[in-house]
There are 4 protein chains.
Amino acid sequence: MLSPIELRSDNAAGAAPELVAAIANANHSSALAYGGDAVTARLHEVAQEVFEHPEAHVFPVVSGTAANSLALSALCPPWGSVVCHETSHIYVNECGATSMFGGGAVIRGIPGDGYKVHPDGLRRVFATTNWCDAHHSQPSVLSLTCPTDFGTVYTPAEVAALSAVAAERSLRRHLDGARIANAVVANGCTPAELTWRAGVEVISLGAIKNGAVSTDAIVSFDPEVNEALGYRLKRSGHVASKMRFQSAQLIAYLTDGLWLRLAGRSNAAMARLAAGLAGVDGVELLNDPQANMLFLHVGEDVERRLADDAALLFYGMGGGVIRFVTSFQTTDDDVDEVLRRFTSVVG
Amino acid sequence: MLSPIELRSDNAAGAAPELVAAIANANHSSALAYGGDAVTARLHEVAQEVFEHPEAHVFPVVSGTAANSLALSALCPPWGSVVCHETSHIYVNECGATSMFGGGAVIRGIPGDGYKVHPDGLRRVFATTNWCDAHHSQPSVLSLTCPTDFGTVYTPAEVAALSAVAAERSLRRHLDGARIANAVVANGCTPAELTWRAGVEVISLGAIKNGAVSTDAIVSFDPEVNEALGYRLKRSGHVASKMRFQSAQLIAYLTDGLWLRLAGRSNAAMARLAAGLAGVDGVELLNDPQANMLFLHVGEDVERRLADDAALLFYGMGGGVIRFVTSFQTTDDDVDEVLRRFTSVVG
Amino acid sequence: MLSPIELRSDNAAGAAPELVAAIANANHSSALAYGGDAVTARLHEVAQEVFEHPEAHVFPVVSGTAANSLALSALCPPWGSVVCHETSHIYVNECGATSMFGGGAVIRGIPGDGYKVHPDGLRRVFATTNWCDAHHSQPSVLSLTCPTDFGTVYTPAEVAALSAVAAERSLRRHLDGARIANAVVANGCTPAELTWRAGVEVISLGAIKNGAVSTDAIVSFDPEVNEALGYRLKRSGHVASKMRFQSAQLIAYLTDGLWLRLAGRSNAAMARLAAGLAGVDGVELLNDPQANMLFLHVGEDVERRLADDAALLFYGMGGGVIRFVTSFQTTDDDVDEVLRRFTSVVG
Amino acid sequence: MLSPIELRSDNAAGAAPELVAAIANANHSSALAYGGDAVTARLHEVAQEVFEHPEAHVFPVVSGTAANSLALSALCPPWGSVVCHETSHIYVNECGATSMFGGGAVIRGIPGDGYKVHPDGLRRVFATTNWCDAHHSQPSVLSLTCPTDFGTVYTPAEVAALSAVAAERSLRRHLDGARIANAVVANGCTPAELTWRAGVEVISLGAIKNGAVSTDAIVSFDPEVNEALGYRLKRSGHVASKMRFQSAQLIAYLTDGLWLRLAGRSNAAMARLAAGLAGVDGVELLNDPQANMLFLHVGEDVERRLADDAALLFYGMGGGVIRFVTSFQTTDDDVDEVLRRFTSVVG
């Protein structure tokens with residue numbers, strides 16, 4: 001009987017031991033609640049160093065949906081729209097969170113090759129908008145997901161080009177970085193290059209998928225947004241009372257490059273996996289797995305046998321297409337074993 | 001130089017070691033995200049046992065504000081009002097959270113002795129309501145805070161009597177149990193007696209103030225509310241992806257009476273403290289400290305010296321009134337030292 | 001110098017004299033406010049007769065956007081989605097009104113030939129929905145626009161077929177009838193056949209475009225929705241205090257078939273216009289003008305000359321496509337004059 | 001058998017013939033919809049003249065609730081509170097409209113003699129506010145109702161003093177002028193003196209209670225608010241498509257002092273009524289009827305006989321207190337007849 005191998009989601013992975021330890025280490029003496037503690041004060045400094053931005057401010061929240069929808073509601077007026085790719089998480093997977101927090105703000109998903117927004121796509125939105133006409137939600141924010149929900153990655157140059165187009169019509173710029181560490185590693189760039197240096201004003205900083213226990217975060221590079229964010233988080237119940245336990249995780253995560261090492265492992269595992277699968281007959285890779293996600297067409301028969309006979313845990317996308325996601329916990333041995341089982345099923 | 005002693009808030013206390021350990025213990029193998037894991041499945045069973053209710057369902061959330069406002073938004077139509085005491089947290093301290101999640105539902109704070117709602121107060125609301133008149137928000141939920149924000153405690157009989165009055169006009173019943181363990185201990189009752197057996201349908205189950213790291217919860221005793229709660233939590237970003245780490249804390253918290261032992265310690269520390277202070281000249285106790293909170297009038301001069309000379313950490317309420325809150329971490333030695341310093345300041 | 005001829009919109013037409021007179025006729029003695037008057041009581045009876053439904057209930061509102069968004073917010077939970085055609089007014093032209101009133105409910109526009117939703121389009125939505133998954137807004141209402149914003153008309157049989165598909169997954173059925181009188185006339189059916197007999201539960205009853213001064217309406221065929229509608233209208237400021245002046249217009253409008261005669265005139269004017277244009281060289285009719293709207297491709301040069309030289313008032317849609325809309329005020333002489341000017345420009 | 005005399009509400013009165021005529025007079029030729037017409041353009045000019053403010057801008061809406069709640073939602077952030085008197089319409093009678101449109105903004109009713117907010121009451125709010133603390137809705141707008149719902153009237157000096165206090169903490173200033181014409185007449189001041197010259201930035205301009213058919217309005221004296229108001233009105237369905245019919249009423253209303261003459265009649269009728277009642281044994285006048293409302297204690301027995309035997313139409317407030325409201329339609333003969341019947345009942 002084969003033991004299952006986890007490839008469903010990095011959300012199904014555990015927590016990095018360093019982050020579990022960070023919680024225990026923060027459990028000393030008394031501390032003011034709601035972020036008034038020394039650990040959280042230190043977190044802002046750490047983020048300022050890591051992002052090379054003197055005013056970076058961190059708002060720990062318990063999920064990526066919270067980070068996205070609250071950040072967007074602070075950037076978008078109720079009569080605005082958030083422009084994003086039609087496959088993005090905020091458009092497809094958050095049950096209207098941004099519209100709810102945004103007082104009826106609308107999300108507008110647009111097509112684009114490689115699951116990415118492109119400048120011409122954004123310009124097409126502009127060209128078909130009735131600007132300043134109250135009948136129509138006004139494009140107000142550009143939200144990029146990087147890596148995308150299909151594993152592709154914007155380069156810093158691409159983000160900068162899109163930000164520049166967005167700025168032409170005064171759209172604010174948000175980056176959904178649920179897996180941003182994977183994108184930074186894939187690009188071989190600095191965190192600053194992919195974010196504020198490329199014109200992004202607020203990001204959702206994913207941590208949970210990459211090893212945190214209980215916290216993601218919003219990182220704001222625009223101090224003028226912080227007041228609204230503070231109130232919006234509080235009144236949505238997203239200000240942890242013992243915030244130091246969330247902040248301590250994020251400090252450990254961002255310190256000494258741990259977040260990038262963890263992401264590096266999942267990216268490397270995926271690269272190894274994709275390389276191994278590339279040569280397998282009857283398997284078609286559907287995306288360039290720059291980060292830690294791979295979509296492949298295997299056919300429904302193989303799909304069933306990968307699940308039933310090979311004990312691989314993964315998601316089927318319909319039509320014989322399946323998704324593999326690696327995490328920081330995926331070892332070379334795991335990958336090799338996946339390849340062995342895969343070959344035996346297909347062979 | 002005296003070392004400070006923490007009496008500001010149980011929110012300023014640390015986490016119970018058992019709950020920190022529970023996180024580490026849950027960090028094994030892979031698990032489905034968003035509550036589809038075995039730990040969370042077990043949590044519902046544990047809650048069903050502890051609350052003696054076969055359909056109790058637990059929704060872990062990251063704060064009491066989230067628990068209150070989301071629970072209330074699921075119970076109250078947008079044109080409804082939530083009736084509560086005018087000192088209650090939902091009315092005073094949550095920045096309109098319930099109105100935001102509730103689509104403009106209104107909170108109506110009413111007076112009442114002992115910081116508690118009383119049946120005649122509730123009946124007065126009923127008598128002055130224009131029922132079924134669309135000009136007026138319709139009373140739709142009764143929310144009781146137990147212990148109150150001023151440290152008093154409803155008995156199960158009081159809750160039952162209020163629930164019965166509420167039910168006369170079909171108001172739903174919610175209990176804000178940010179410190180419910182302290183109330184259960186103070187009453188010497190069972191959790192069931194203070195909640196669903198007394199007519200309460202949904203509670204906010206506080207855990208963080210009493211030793212949890214990162215999770216409070218909603219506990220619903222009405223399965224018909226659960227669908228709405230599920231959607232409301234998701235779209236407000238309150239469904240943790242690695243929920244097992246939240247669920248594991250709650251399991252440890254509720255298992256073998258840990259939550260009641262922790263609350264017992266803070267109640268006992270407060271009883272010892274109040275007994276010691278009762279005899280001090282010039283000090284007036286302003287409430288019966290049934291749980292872990294005490295308000296006392298000491299005068300502004302003593303207040304300043306308690307802070308400056310005695311190194312006590314506490315909140316001033318204005319006019320020489322101060323608040324002391326004990327936690328599960330407050331030891332008998334702490335209390336005795338507080339009393340020593342207090343006497344030396346006053347004496 | 002030619003005098004301009006109005007073809008921009010039926011919104012640019014005046015009011016029917018009968019409805020102006022109805023206001024004056026209702027201006028007698030005293031009457032209770034907010035709908036508690038005898039005129040409004042009579043309105044419900046009139047609607048019940050006209051729609052042959054014993055429980056039809058009318059809510060006068062000041063605009064079609066109000067009718068649509070408030071009706072939809074009463075039918076759709078905050079975590080639901082409203083499925084409609086991607087060209088429909090609620091999706092394109094109401095600035096997120098339904099999402100605002102609906103607490104973040106989402107509108108989902110889908111494609112479909114003839115600017116209409118088709119059963120297979122709706123089934124495709126169903127097939128790609130993750131039902132009961134809180135990550136995804138749940139399809140909850142089907143909203144059909146009839147006539148569509150491009151002048152095409154659903155038949156009663158088409159509405160009934162779509163309602164049946166919608167009902168398979170418990171979607172509520174709404175019809176945006178901003179120009180419903182034109183559709184009833186075009187179909188040669190009864191109002192009942194196009195609405196509740198075809199499975200529609202709530203409609204937006206347009207009147208202003210077709211001759212009213214200051215009121216459209218929601219007509220509900222489901223008494224269970226009325227309570228929510230009553231509260232939602234009041235708290236959105238859509239309950240006129242001297243409602244009898246709105247109700248009186250609607251009574252006159254619905255009585256003795258006035259609404260259908262008015263719509264009949266605009267439909268006939270459009271038929272005459274389309275017939276005349278069909279034979280003109282270089283003009284391409286882009287839709288079958290079943291109601292009172294026509295889209296035609298004339299080229300940018302002709303478009304400019306129609307505006308500048310022929311003094312026709314119309315909207316350009318881009319790319320040399322223009323829109324003509326007739327109203328109850330458009331006479332045969334108007335049409336003939338339009339055709340004369342048109343020919344002289346094109347010839 | 002006596003014919004009833006209307007004293008319930010000015011909402012129960014009819015429309016002034018001049019305003020009915022204005023609708024008919026505006027019913028000529030074609031006009032752009034949604035306020036793009038010449039009549040509405042003229043309305044802004046008229047308001048600028050009447051209010052002596054070069055940037056006054058008028059937004060016609062269908063009710064006072066719409067005017068209040070939309071104006072307030074444009075002035076108050078979602079985490080703000082609107083401070084007003086505890087008897088004011090926005091707090092008591094609008095079913096949470098402002099909280100709904102305001103994204104969970106909170107209305108805070110405070111006590112004050114004469115049903116008016118006083119500077120010390122406002123300062124007390126400031127003194128007890130935790131400013132810049134996200135746990136607490138931040139006082140953001142002062143809303144004064146003038147005349148109050150109990151018929152008393154702020155003087156321009158009182159409004160100015162309150163505005164000055166409000167401005168100390170940057171609160172915006174709104175005036176609910178559902179009966180503002182009655183207040184202007186009662187004060188013998190100019191419209192400007194009671195509004196923007198006294199520091200008010202946006203007003204709700206009531207017209208319906210004082211003779212309009214179907215429109216009240218928001219008048220903004222702050223151009224920076226207008227963009228938000230435009231979008232908020234559109235997406236709430238409060239932009240009438242044939243707006244000229246609303247604008248024409250408002251032009252007629254404001255032109256040549258008609259609004260003040262109408263209000264003068266109702267004020268004078270009330271003065272005559274109050275003078276006559278002042279001498280009646282067993283009747284206690286409870287307010288100084290500066291405008292057109294009077295509350296008087298008559299006892300429950302007299303109350304019943306006034307209704308049953310004297311055929312007076314009025315509202316009972318409980319405890320033998322009744323309310324009389326006069327309107328522009330109340331004649332001297334009406335008043336004298338009321339006094340005759342009253343005396344005969346009491347005598």
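Here is a short chat about how some labels on this predicted model are earned.

User: How do you know that the predictor is confident in chain A?

Analyst: The pLDDT of chain A averages 96, on a scale that runs from 0 to 100. A score of at least 70 is reached by 100% of the residues. For the complex, the predictor gives an ipTM of 0.96 and a pTM of 0.96.

User: What makes residues of chain A and chain B count as being in contact?

Analyst: Their C-beta atoms have to lie within 7 Å. By that test, 43 residues of chain A are in contact with 43 residues of chain B. On the chain A side, helices H1 (17–25), H3 (64–75), H5 (97–101), H10 (223–235) and H11 (244–254) each supply at least two of the touching residues. That side of chain A divides into 22 nonpolar, 16 polar and five charged residues.

User: How do you know which surface each copy uses?

Analyst: Take the interface residues of chain A: 100% of them are interface residues in chain B too, so the copies meet through the same surface.

User: What makes the relation between chain A and chain B a two-fold one?

Analyst: Chain A lands on chain B after a rotation of 180°, with 0.0 Å of shift along the axis and an RMSD of 0.0 Å. The two copies are therefore related as by a two-fold rotation axis.

User: Why is strand E2 of chain C called mostly covered?

Analyst: A residue is buried if 20 or more other C-beta atoms lie within 10 Å of its own. In E2 (residues 57–61) of chain C, five of the five residues are buried, so "mostly covered" follows from that cut-off. In a regular strand, side chains alternate between the two faces of the sheet. Here His57(C), Phe59(C) and Val61(C) are buried on one side, with Val58(C) and Pro60(C) buried on the other.

User: How do you know that E2(C) and E8(C) pair?

Analyst: Pairing takes at least two bridges, and E2(C) shares five with strand E8 (residues 216–220) of chain C, so they qualify. The sense is antiparallel. His57(C), for instance, stands opposite Ser220(C) in E8(C).

User: Why is Leu339(A) called partly exposed?

Analyst: Buried needs 20 or more C-beta neighbours and exposed needs 12 or fewer. Leu339(A) has 17 within 10 Å, so it falls in between. Leu339(A) sits in helix H14 (residues 332–346) of chain A. Its C-alpha atom is 7.2 Å from that of Leu273(A), 66 residues apart along the chain.

User: What makes the bond between Cys146(C) and Pro147(C) a cis one?

Analyst: Its omega is about 0°. Pro147(C) lies in the loop between strand E5 (138–145) and helix H7 (156–168) of chain C. In chain D, the peptide bond from Cys146(D) to Pro147(D) is cis as well, with omega near -5°. Most peptide bonds are trans.

User: Why is the phi of Tyr34(B) worth a remark?

Analyst: Most residues other than glycine have a negative phi. Tyr34(B) isn't a glycine, yet its phi is positive, near 60°. Its place is the loop between helix H1 (17–25) and helix H2 (38–50) of chain B. With 18 other C-beta atoms within 10 Å, Tyr34(B) is partly exposed.

User: What makes Glu52(D) count as buried, exposed or partly exposed?

Analyst: Its count of C-beta neighbours inside 10 Å is 14, so Glu52(D) counts as partly exposed. Glu52(D) also has a positive phi, about 55°, without being a glycine. You'll find Glu52(D) in the loop between helix H2 (38–50) and strand E2 (57–61) of chain D.

Technical notes. Residues numbered from 1 in each chain as written. Chains lettered and ligands numbered in written order. Predicted model: local features only at pLDDT ≥ 70, side-chain atom pairs only at ≥ 80, totals over all residues. Contact = placed C-beta atoms within 7 Å. Helix = DSSP H or I, 4+ residues; strand = E, 2+ residues; numbered from the N terminus. Nonpolar A, V, L, I, M, F, W, Y, C, P; charged D, E, K, R; others polar. Least-squares fit on C-alpha atoms with pLDDT ≥ 70 in both.
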